[in-house]
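Here is a walk through one structure, written for someone who would rather look at residues than read tables of angles. Keep the viewer open and click along.

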Amino acid sequence: MKLSELITSGAVVTQLKSQDRDQVIHELIDALIASNAAAGEHRAELLKRVLDRENRGTTGFGRGVAVPHVKHPSVKRMAAAIGLSSTGIEFNSLDKQPVYSVFLLLSPEDRPEEHLLAMEVIFKNLSKETFRRFLRQAGSEAEVRSLLDDADTQQLAG
Amino acid sequence: MKIVNRLGLHARPAMCFVDVAMQFPCEVSVKRADQTVDGKSIMMMMLLAATQGTELDIVCEGDQAEEACAALKKLVDGGFDEE
């Protein structure tokens, strides 16, 4: 699975407006809806499910990144959005530090294997210091896209 | 040991695993085929993408290694309290 294919075209928000976890998740769900990766009619329910999941256990895994996610029957095809914040988001992270990069993943409900593969490809890259640093520095969707392509072709050092 | 829960080693079980591993002073590594990762790192555990039926080896080395192995095996064999 390629990271560049997983991240929905148009669903990269390089300057998140909010510094609040719930509002950031809102912004990213809206970005996925605007990019036709999710249906607008399910907006409230998707938001609720992501937040419920987050409240059961944070996906702010440390090192300035968070990967909120949800499975939903309305999702036909795996889709993900990226949100970047220069000021940092209070995300209740495991390491208590603010989050600067958020990957929001929507998965179909009936394909757990695909969900795990998507998480693997996201974490494979987020575990690289170079990837995290370049991502934080990206100022436009085009720059993020170029980073994703480099990541897919293994051009980034660990 | 084998991953038995239907959804596999997704984020919640991976975090449970790391939580249990962290309770012991020994080193914990988890192997899947030829890949070995630190069992105390959530980022690394997610890299295993272990679906239902995946075989994992848990290797604990150091103080309380036996206790750690037993606790982790119980967790995985119990399907992380999931279906």
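How many of the nine residues of β6(A) are buried? Nine of the nine are, so β6(A) is largely enclosed by the rest of the structure. Keep in mind throughout that this is a predicted model.

**Around β6 of chain A**

Let's stay with that strand and look at its partners. Strands in a sheet pair through backbone hydrogen bonds, and the pairing can be parallel or antiparallel. β6(A) gives you both kinds: β3(A) runs parallel to it and is joined to it by two bridges, while β5(A) runs antiparallel to it and is joined by seven bridges. Strand β4 of chain A, residues 69-71, is also parallel to β6(A), with three bridges between them.

If you want landmarks to click on, here is one residue pair for each of these pairings. The bridge partner of A:Ala66 in β6(A) is A:Val102. For A:Lys71, the partner in β6(A) is A:Ser107. And A:Ala80 stands opposite A:Leu105 of β6(A).

Helix α5 of chain A, residues 129-137, is worth a look next. Its buried residues are A:Thr130, A:Phe131, A:Arg132 and A:Leu135. What covers them? The cover includes β6 (99-107), along with α1 (3-6), β3 (65-66), β5 (79-89), α4 (112-126) and α6 (141-152), again in chain A.

**Two helices packing in chain A**

A pair of packed helices is described by the angle between the axes and the distance between those axes. For helix α2 (residues 21-34) and helix α3 (residues 43-56) of chain A, the angle is about 140 degrees and the axes are 10 Å apart. That makes α2(A) oblique to α3(A), because only angles over 145 degrees would count as roughly antiparallel. The crossing of the two is right-handed.

Who is touching whom here? On the α2(A) side you'll find A:Arg21, A:Asp22, A:Ile25, A:His26, A:Ile29, A:Asp30 and A:Ile33, and they meet A:Arg43, A:Leu46, A:Leu47, A:Val50, A:Leu51, A:Glu54 and A:Asn55 of α3(A). Sorted by class, this contact between α2(A) and α3(A) has seven nonpolar, two polar and five charged residues. The spacing along each helix has a simple background: an α-helix has 3.6 residues a turn, so residues three or four places apart point the same way.

**Over to chain B**

Chain B has an open sheet of three strands, in the order β2-β1-β3, with antiparallel pairing. The edges are β2 (35-38) and β3 (57-61) of chain B, and each of them pairs on one side only. From one strand to the next, the twist averages 25 degrees. Zooming in on one pairing, strand β1 of chain B (residues 27-32) runs antiparallel to β2(B) and is joined to it by four bridges. A handy spot to find there is B:Arg32, which stands opposite B:Gln35 in β2(B).

Helix α3 of chain B, residues 65-77, lies across β1 and β3 of that chain, at about 155 degrees to β3(B). B:Ala68 is in this helix. With a relative accessibility of 0%, B:Ala68 counts as buried. Leaving aside residues up to four places away in sequence, B:Ala68 touches B:Phe24, B:Cys26 and B:Cys60. B:Gln52 is 16 residues from B:Ala68 along the chain, and their C-alpha atoms are separated by 22 Å.

**A few single residues**

Buried or exposed: which is A:Ser4? A:Ser4 counts as buried, at 16% relative accessibility; the cut-off for buried is under 20%. A:Ser4 is found in helix α1 of chain A. Beyond residues up to four places away in sequence, A:Ser4 touches A:Arg145, A:Leu148, A:Asp149 and A:Asp152.

Two further residues deserve a click for their backbone: A:Asn92 has a positive phi without being glycine, and so does B:Asp81.

| Residue | Phi | Relative accessibility | Place |
|---|---|---|---|
| A:Asn92 | near 60 degrees | 47%, partly exposed | loop between β5 and β6 of chain A |
| B:Asp81 | near 60 degrees | 78%, exposed | segment after α3 of chain B |

Technical notes: Residues numbered from 1 in each chain as written. Chains lettered and ligands numbered in written order. Predicted model: local features only at pLDDT ≥ 70, side-chain atom pairs only at ≥ 80, totals over all residues. Heavy atoms only, no water. Axes fitted to C-alpha atoms, helices over the stretch in contact; angles between N-to-C directions. Parallel < 35°, antiparallel > 145°, perpendicular 65-115°, else oblique. Left-handed = near helix turned anticlockwise from the far one by under 90°. Contact = heavy atoms within 4.5 Å. Nonpolar A, V, L, I, M, F, W, Y, C, P; charged D, E, K, R; others polar. Buried < 20%, exposed > 50% of the residue type's maximum accessible area, 1.4 Å probe, protein only. Pairing = 2+ DSSP bridges.
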